[in-house]
Structure formats: structure tokens, C-alpha cells
Amino acid sequence: MANIGRLKPMFGFAMLLISLPTSILTYRAITTPHKLSYFHLMGSLRTLLTPTERRRPWILYLTPGLMAAETLHICIVVLFLGPLRRLLLPGLSDPGLKDISILKLAIYLIILCLSVLALTPLEVIATRLAIQRNHALSEYNSVSQEVEGDAEDHAEYSGTEEDVIGLRSEGDPYLGLMDCAKRIVDEEGTMTLYRAWWITLLGGLGSVFA
């Protein structure tokens with residue numbers, strides 16, 4: 001069990017490298033105002049990714065602040081909550097140990113609830129940064145609007161005069177994790193960082209007995 005515990009951080013970071021591009025595409029597909037084809041994969045990718053991102057896919061890993069937010073999230077879950085769970089509740093990790101202390105379980109659940117105070121803002125920030133597209137032209141900021149090759153005609157959803165979700169102007173992007181957090185607080189209020197906090201809590205509670 002000890003060897004498995006030591007391998008979990010490595011596994012977590014490896015999964016981050018694999019899943020990050022998928023997460024970016026998923027978030028952008030959900031928030032894009034453009035209609036995506038079910039069968040035209042390349043056309044959908046041209047909608048979701050900038051010319052720079054299509055030419056240099058690795059730039060997705062360089063999205064300002066995104067790797068930092070995801071890494072901090074993994075550190076809290078894998079390097080803090082994971083070892084703490086094995087320390088306080090070994091009976092949940094090892095089938096051979098049946099005794100579970102109610103006191104230790106209560107302590108772990110309290111710490112888990114407190115961890116939501118850090119995990120939820122990181123998830124909100126990571127989502128905001130993931131939908132922020134990367135551009136690279138010498139006369140523009142590395143995450144600002146790219147003029148040519150990024151304005152192809154795509155059908156948009158109709159039937160409403162207001163946007164379902166407001167996306168930040170690409171001419172005024174977030175510049176990193178702290179910049180994103182500061183702007184969200186200044187422009188939308190602190191509680192914006194805790195939207196859907198209960199989803200994070202439920203996920204944590206589910207992992208206790210996983």
C-alpha cells in the first residue's frame with residue numbers, strides 16, 4: 001500500500017498532462033456560441049482552437065496560469081488529502097483493517113470541507129483560463145486577439161438576444177492565475193470564486209469511500 005501511495009502523485013501529474021488538452025476542448029465546446037458539427041471534426045477544431053494552437057498544440061500547456069491552477073489542485077488532493085485520508089482512515093484504504101474511528105472520520109470530513117475553500121476557486125479559475133484562447137503575433141499580446149485566420153464564418157446559436165454565457169474579450173485576457181483571481185474578485189465579487197462549491201464538496205465526499 002505504501003508503494004501505491006508514493007505512485008499516486010506521479011500518476012496524478014501524468015494524468016494532468018494527458019487530460020489538460022481534453023479539458024480545454026471540453027470547456028470551450030460547452031461555452032462557444034458557435035454551432036459545432038457532430039461529424040466534421042476538423043471544422044470543430046478550427047472553431048475551438050486558434051491558428052496558433054493548431055500549428056503548435058503544445059501551446060495549450062502554456063496557457064497563462066492554467067498549469068499552475070491544475071497543479072495546485074492536484075497537490076491539495078493527492079499530496080495533502082490523500083496521505084491524510086490514509087493516516088486517519090487506514091481502514092478505508094486497506095480492506096484488512098476494519099476498524100474506523102468515528103472521531104478520525106469526523107476530523108477528516110471537517111478538513112475536507114475546509115479544503116473546498118481552496119479547491120473551488122482553483123476549479124473556477126482553471127475553467128476561466130481554459131476557455132481563454134492562445135494567440136501569438138508579434139504585434140499582439142501572446143493571449144490577445146489574432147486578426148487573420150481566426151475569424152472564419154461559423155453559424156451561431158440563435159433564438160435569444162442575450163448571450164447564454166459572457167466570455168471575456170480576447171483583447172483583455174487574464175495574464176495568469178493571480179491576475180485571474182484578482183480580476184474575478186474586483187469585477188464580479190468574491191462569491192463568484194465559489195460558484196457550484198457543493199459539486200466540489202460532493203466529489204470530495206464521494207472520494208472518501210472510493
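**A partly exposed loop residue, a kinked helix and a pocket**

Alanine 196 is partly exposed in this predicted model, since its relative accessible area is 34%, a value that falls between the limits of 20% for buried and 50% for exposed residues. The residue sits in the loop that joins helix 7 (177-188) to helix 8. Its backbone is also notable, for the phi angle of alanine 196 is near 55 degrees, which is a positive value in a residue other than glycine. Most residues other than glycine have a negative phi.

Partial exposure is found again in serine 23, a residue of helix 1 (residues 2-31). Serine 23 counts as partly exposed because its relative accessibility is 23%, and the lower limit for that class is 20%. Although serine 23 and threonine 127 are 104 residues apart along the chain, their C-alpha atoms are separated by 8.7 Å.

Helix 6 comprises residues 102-130, a run of 29 residues. From the first C-alpha to the last, helix 6 reaches 40 Å, which is close to the 42 Å expected at 1.5 Å a residue. Helix 6 nevertheless contains a kink of about 35 degrees, which lies at leucine 117, shortly before proline 121.

According to the unreviewed UniProt entry, the feature "transmembrane region" is placed at residues 12-30, 58-81 and 102-122. In the model, the span of residues 12-30 is 100% helix and 0% strand, and its end C-alpha atoms lie 25 Å apart. Residues 102-122 are likewise 100% helix and 0% strand, with the end C-alpha atoms 30 Å apart.

Empty space in a protein can be located by rolling a probe the size of a water molecule over the atoms. The second largest pocket has a volume of about 500 Å³. It is lined by 22 residues, of which Val77, Val78, Leu81, Gly82 and Ser207 are the closest to its centre. Two or more lining residues are given by each of helix 4 (66-88), helix 6 and helix 8 (197-208), and the largest share, eight residues, comes from helix 4. In chemical terms, the lining of this second largest pocket divides into eleven nonpolar, seven polar and four charged residues. Helix 6, in which the kink at leucine 117 was found, is thus also one of the elements that contribute to the lining of the second largest pocket.

Notes. Residues are numbered from 1 along each chain as its sequence is written. This is a predicted model: local features need pLDDT of at least 70, side-chain atom pairs count only at pLDDT 80 or more; totals for chains, interfaces and linings use all residues. Side-chain values use heavy atoms; hydrogens and water are left out. Helices (H or I, at least four residues) and strands (E, at least two) are DSSP runs, numbered from the N terminus. The expected span of a helix is 1.5 Å times one less than its number of residues. The bend at a residue is the angle between axes fitted to the seven residues ending there and the seven starting there. On a 1 Å grid over the protein atoms alone, a cavity is a set of points where a 1.4 Å probe fits but cannot get out, and a pocket is an open set with protein on both sides within 12 Å along at least five of seven lines; lining residues have an atom within 4 Å of a point. Grid points are joined across faces, edges and corners, and a volume is the space filled by probe spheres set on the points. Ala, Val, Leu, Ile, Met, Phe, Trp, Tyr, Cys and Pro count as nonpolar, Asp, Glu, Lys and Arg as charged, and the others, Gly among them, as polar. UniProt positions are given in the numbering used here, feature names are shortened, and annotations may be inferred rather than shown by experiment. Buried means under 20% relative accessible area, exposed over 50%, partly exposed in between (1.4 Å probe, protein chains only).
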